Structure formats: C-alpha cells, structure tokens
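Got the viewer open? Grab the selection tool and follow along, one stop after another.

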Amino acid sequence: ADFFANPSIDASSHVITDADGNSARCVADHRKAWTCVNFNSASLNIEQCGRAAQASWPQAQIEETARWIAQWSRAFQIPIQRGAVNGSTVTQKGVVTHSQLGAAGGGHSDPGAQFPLDRCLELDRRFR
C-alpha cells in the first residue's frame, strides 16, 4: 500500500492481499486503478504480495483473494470462471491473471505459473 501511495508511482490496484490473509483497499471499486494498461477501465484488480517465480502460495492469501473475487462477482455479475482476452479485447468475461493480458495488459508475468487459479475459483464459488 505504501508503494501505491507514493505519488511518483504511476500504478495502483483496487486491493492488495498478503500471505497472512490480510487485505488493503487502495482504490474504490467505482474508480479506475492503473494496473493493466488497456484493461484498466474494464477490470477490478487484486495485487498479491509475492513473486511470480514462487512455487507455492499461502492458503490464507488464496482465500482472501477468493473473498474479493466472490464479492465482486456478486456486486458486478462477474462470472466465476476463467476469463479470456485476445489482444485488447475481452473474449470471455471472468477472472484472468495479469500474465494472460499480454502486452495489452502491460506485459507482466504475475502471478506466475504456480498460482493456483483453479483452486482460487473453487473457493470463489463457495464464498459467493
């Protein structure tokens, strides 16, 4: 949160989750967060404390991430499924990782190949 609070940083996220299952709100849902370039206006974003190269993710962090997705799913009718994009176009509504957005999303590699998105989506469905 301190990183995003720095005025010289041209980035933000709606929410941050950490390994202990805590979260911090950085940008209100109705405001645009500057997270994923061409998708900023069409997305709600969770920044997870961690590294794209890490081999495992703490259960508490996955659960907190899932709670946010479930909340947004209810509020904004976002389907709890894997989303898809093609270039700068959303081709299937749902949940995507930053890395799936490719160059149009800023060319990031997070949350990394080891992030358990399917397990997170299962939790989302239960929390919803």
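Is His98 buried or exposed? Keep in mind that you are looking at a predicted model. His98 counts as buried, because its relative accessibility is 11% and buried means under 20%.

**Stop one: around His98**

Select His98 and you land in the loop between β5 (89-92) and α3. Now show the side chain and pick out Gly105: the backbone oxygen of Gly105 sits 2.9 Å from a polar side-chain atom of His98. Gly105 also belongs to the residues that His98 touches, along with Thr35, Cys36, His108, Asp110 and Pro111, leaving aside residues up to four places away in sequence.

**Stop two: the hairpin**

Step back to β5 and add strand β4 (residues 84-86). The two pair in the antiparallel sense, over three bridges. For one of the matched pairs, select Asn86, whose bridge partner in β5 is Thr89. The hairpin has two residues between its strands, and Gly87 takes a positive phi there, near 65 degrees.

**Stop three: the open sheet**

Next, hide the hairpin and bring up β1, β2 and β3. They form an open sheet of three strands, in the order β2-β1-β3 and with mixed pairing. At the edges you find β2 (23-25) and β3 (46-48), each pairing on one side only. Ignoring direction, neighbouring strands here are turned by 20 degrees against each other on average.

Zoom in on β1 (residues 15-17) beside β3: this pair runs in the parallel sense, over three bridges. Click Thr17 and look across to β3, where Gln48 stands opposite. As a reminder, strands of a sheet pair through backbone hydrogen bonds, either parallel or antiparallel.

**Stop four: the nonpolar core**

Which residues make up the largest nonpolar core? Select these eleven: Trp57, Ile62, Ala66, Ile69, Ile80, Val95, Phe115, Leu117, Cys120, Leu121 and Leu123. Colour by helix and you will see that α2 (59-76) and α3 (117-127) each supply at least two of the core residues. The largest share, four residues, comes from α3.

**Last stop: Val95**

Stay in the core and centre on Val95, one of its members. What does Val95 touch, not counting residues up to four places away in sequence? Its contacts include Ile69, Leu117 and Leu121, which are also listed in the core. The rest of the set is Pro79, Gln81, Arg82, Gly83 and Gln100.

Key. Residues are numbered from 1 along each chain as its sequence is written. This is a predicted model: local features need pLDDT of at least 70, side-chain atom pairs count only at pLDDT 80 or more; totals for chains, interfaces and linings use all residues. Side-chain values use heavy atoms; hydrogens and water are left out. A nonpolar core is a set of buried Ala, Val, Leu, Ile, Met, Phe, Trp, Tyr and Cys residues joined through side-chain atoms within 4.5 Å. Buried means under 20% relative accessible area, exposed over 50%, partly exposed in between (1.4 Å probe, protein chains only). Contact means heavy atoms within 4.5 Å. Two strands pair if DSSP finds at least two bridges between them. Axes are lines fitted to C-alpha atoms, for helices over the stretch in contact, and angles run from 0 to 180 degrees between N-to-C directions. A polar contact is a pair of N or O atoms within 3.5 Å; within protein, one must be able to donate a hydrogen and the other to accept it, and residues adjacent in sequence count only if both atoms are side-chain atoms.
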